[in-house]
Amino acid sequence: MMRHSGMTLSRKHHARIARAAIAGVALLIGVSGPIHAQGNPQTTPAITAPHSPSGPSTSEISSTTGSGLNSTSPAPAPAAASSAGLLNPDSSPSHELSPWSMFMSADIVVQLVMIGLAFASLVTWTICIAKLAELSLARRALRAALNKIGDARSLAEAQMALGAREGVLASLLASAMHEARLSAGISSDAGIKERAASSFAEIVRAESRRIRLGMGLLATIGATSPFVGLFGTVWGIMNSFIGISKSQTTNLAVVAPGIAEALLATALGLVAAIPAVIIYNYFARVTRGYTELVGRASGAAGRLLSRDLDRTHGSLTSRAAE
């Protein structure tokens, strides 16, 4: 009887141990399931369970498992974020690559280069418009004046034909009249013509300098603007490389804005230089044509002076013969 009752107690004790083991396994499954499903570490409150001297309690197992999951679960987050950034390109910061935005975000040295090139381009077009108007008016006025004195027989008639009109031809006629008055009583016509020709040459050179005013600036802009723009580009690319080394990335979205800002300086240099060279070459041809027209006016004034001298000496000779 005693043996039977002892066996019954042993079975009951084993049944309790089995139920406690099943409860611990169920507790472990219930704790680890939500953690893996949500991917968010949570602290599980300790649950009192029967203490077993042969191993750790159920609460210790649950807390150990929870801490282990807490330490390992955040690890995939950076990979997931990076993969999300790669799959979604709109998440990266975008840069508006318009000329104004590139100018505003450029370095101060590059900005100064761009401002200087823009000012040089403005000067180029200002000179172009001014010289077009000046040369057009000067050529028209000189041709009209030459047509008016075409039938004049003396310097006095030529001055009367021109009237109060000012210009290079009027200056030439006035210089011839002045030399004729100063040389009155001198019988050497060659000396008078030589002195008059010297005065004519000075007037022609002064008119050539006046009509070429501003062309030296065009030549300077056309020759130096590409190199100024290249300096801005080199400076901007150097700053871009420094930024790349600091950010430690070669992503095109990060590198492209700085390089585009630098290349904008070269573009502005070409915008300033190409029109300046074309306009300079055009005005060089036009001013040569105008200078030849001024040479014709100088020759007309010299011929009128020669006629006046011949008439003067002819009248003196006829009077002497009488």
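Is I108 buried or exposed? At 51% relative accessibility, I108 counts as exposed, because the cut-off for that label is anything over 50%. Keep that residue in mind while we look at the whole protein, and remember that what you have in front of you is a predicted model.

Let's start with the overall layout. The protein has ten helices and zero strands. Walk along the chain from the N terminus and the elements read α-α-α-α-α-α-α-α-α-α. There are 322 residues in the protein, and buried ones make up 30% of them. The accessible surface comes to about 20,300 Å², and carbon and sulfur atoms account for 65% of that surface. What about contacts along the chain? If you take the contacts between residues at least 6 apart in sequence, 80% of them join residues at least 24 apart.

Now back to I108. You'll find I108 in helix α5, which covers residues 108-148. I108 also has company on the surface: together with L112 and I115, I108 forms a nonpolar patch. Those three residues share about 310 Å² of accessible area.

Stay on helix α5 a little longer and look for S121, which lies in that helix too. S121 is a buried residue, because its relative accessibility is 13% and buried means under 20%. Which residues does S121 touch, once those up to four places away in sequence are left out? The answer is V271 and A272. Helix α10 spans residues 252-321, so have a look along that stretch when you want to find those two partners.

Next come the charges. Side chains of opposite charge can pair when their charged atoms come close. How many salt bridges does a search of the whole structure find? It finds five, and we can visit several of them in turn.

One of them is in helix α5, where K131 pairs with E134. The closest N and O atoms of K131 and E134 are 3.2 Å apart. The two residues sit three residues apart in the helix, which means about one helical turn separates them. K131 counts as buried, with 3% relative accessibility, whereas E134 is partly exposed at 26%.

Another salt bridge joins the side chains of E179 and R195, at 2.8 Å from N to O. E179 belongs to helix α7 (residues 168-182) and R195 to helix α8 (residues 189-211), so this pair ties together parts that are 16 residues apart in sequence. Are the two partners buried or exposed? E179 is buried, with a relative accessible area of 9%, while R195 counts as partly exposed at 36%.

For a further example, move to helix α10. D308 forms a salt bridge with R311, and their closest N and O atoms are 3.3 Å apart. Both residues lie in helix α10, three residues apart, or about one turn of the helix. D308 is buried, with a relative accessible area of 18%, and R311 is partly exposed at 35%. Salt bridges can also share partners: in this way K131, E134, E207 and R210 are joined into one network.

Some charged residues gather on the surface instead. R143, R296, R303 and R307 form a positive surface patch. Which helix gives the largest share of the positive patch? Helix α10 does, with three residues. R296 is found in that helix, and R296 counts as exposed because its relative accessible area is 52%.

One last stop is a loop. G150 lies in the loop between α5 and α6, the latter being residues 155-162. G150 is exposed, at 54% relative accessibility. How far apart in space are G150 and A161, C-alpha to C-alpha? They are 9.7 Å apart, and in sequence they are eleven residues apart.

Notes. Residues numbered from 1 in each chain as written. Predicted model: local features only at pLDDT ≥ 70, side-chain atom pairs only at ≥ 80, totals over all residues. Heavy atoms only, no water. Patch = residues over 30% accessible without salt bridge, like charges linked within 9 Å, V, L, I, M, F, W, Y side chains within 5 Å. Areas by Shrake-Rupley, 256 points an atom, 1.4 Å probe, with all protein chains shown as cover. Salt bridge = Lys/Arg side-chain N within 4 Å of Asp/Glu carboxyl O. Helix = DSSP H or I, 4+ residues; strand = E, 2+ residues; numbered from the N terminus. Buried < 20%, exposed > 50% of the residue type's maximum accessible area, 1.4 Å probe, protein only. Contact = heavy atoms within 4.5 Å. Lys, Arg positive; Asp, Glu negative; His and termini not counted. Charge placed at Lys NZ, Arg CZ, Asp CG, Glu CD.
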